[in-house]
Amino acid sequence: MNTKEALPFVKVLSDEGMPSKGNPFVRGNLYIMFRVKFPEDGELPENVLKELKKLLPEPDEPEEYDPMEVEEVHLNPADLRSFGKGGANQSGAMAHDSDDEDGGRPVQCQQS
């Protein structure tokens, strides 16, 4: 696999992105793109690989943390084609808009 041409690995965290225009209580999705550049096979000398294995944790080694200090979230698979298509328009924001309860008339500017 040529890592220079690889597409980014994308995950999404629903409803944790930027607030929607007009309704700050409705949040969009937070997209996270991972682009990892791996060295080609045989590119790193054996002594460097040994040092990396000493520094990095085992692949399935659990990480210790204080649950009171960390918010644990689960990332969902994402597609970049849906980027920018969430938020208030897709979350039913009109149900939260109390300004239009009386039928809503357009505002006109008065000129003197």
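**View 1. Ser 20 stands opposite Asn 23 of strand S3.** The model shown is predicted: local features require pLDDT of at least 70, side-chain atom pairs count only at pLDDT 80 or more, and totals for chains, interfaces and linings use all residues. Residues are numbered from 1 along each chain as its sequence is written, and side-chain values use heavy atoms, with hydrogens and water left out. Strand S2 (residues 19-20) and strand S3 (residues 23-27) run antiparallel and are joined by 2 bridges; two strands pair if DSSP finds at least two bridges between them. In this hairpin, 2 residues lie between the strands, and Gly 22 takes a positive phi near 90°.

**View 2. A nonpolar patch lies on the surface.** Phe 9, Phe 34, Val 36, Phe 38, Val 73 and Leu 75 form the patch, with about 550 Å² of accessible area together (Shrake-Rupley method, 1.4 Å probe, only the protein chains shown counting as cover). Patch residues have over 30% relative accessible area and no salt bridge (a side-chain nitrogen of Lys or Arg within 4 Å of a carboxyl oxygen of Asp or Glu), and nonpolar side chains (Val, Leu, Ile, Met, Phe, Trp, Tyr) are joined within 5 Å, like charges within 9 Å.

**View 3. Phe 38 is placed in the loop between strand S4 (30-34) and helix H1 (46-55).** Helices (H or I, at least four residues) and strands (E, at least two) are DSSP runs, numbered from the N terminus. Phe 38 counts as exposed because its relative accessibility is 53%, where exposed means over 50%, buried under 20%, and partly exposed in between (1.4 Å probe, protein chains only).
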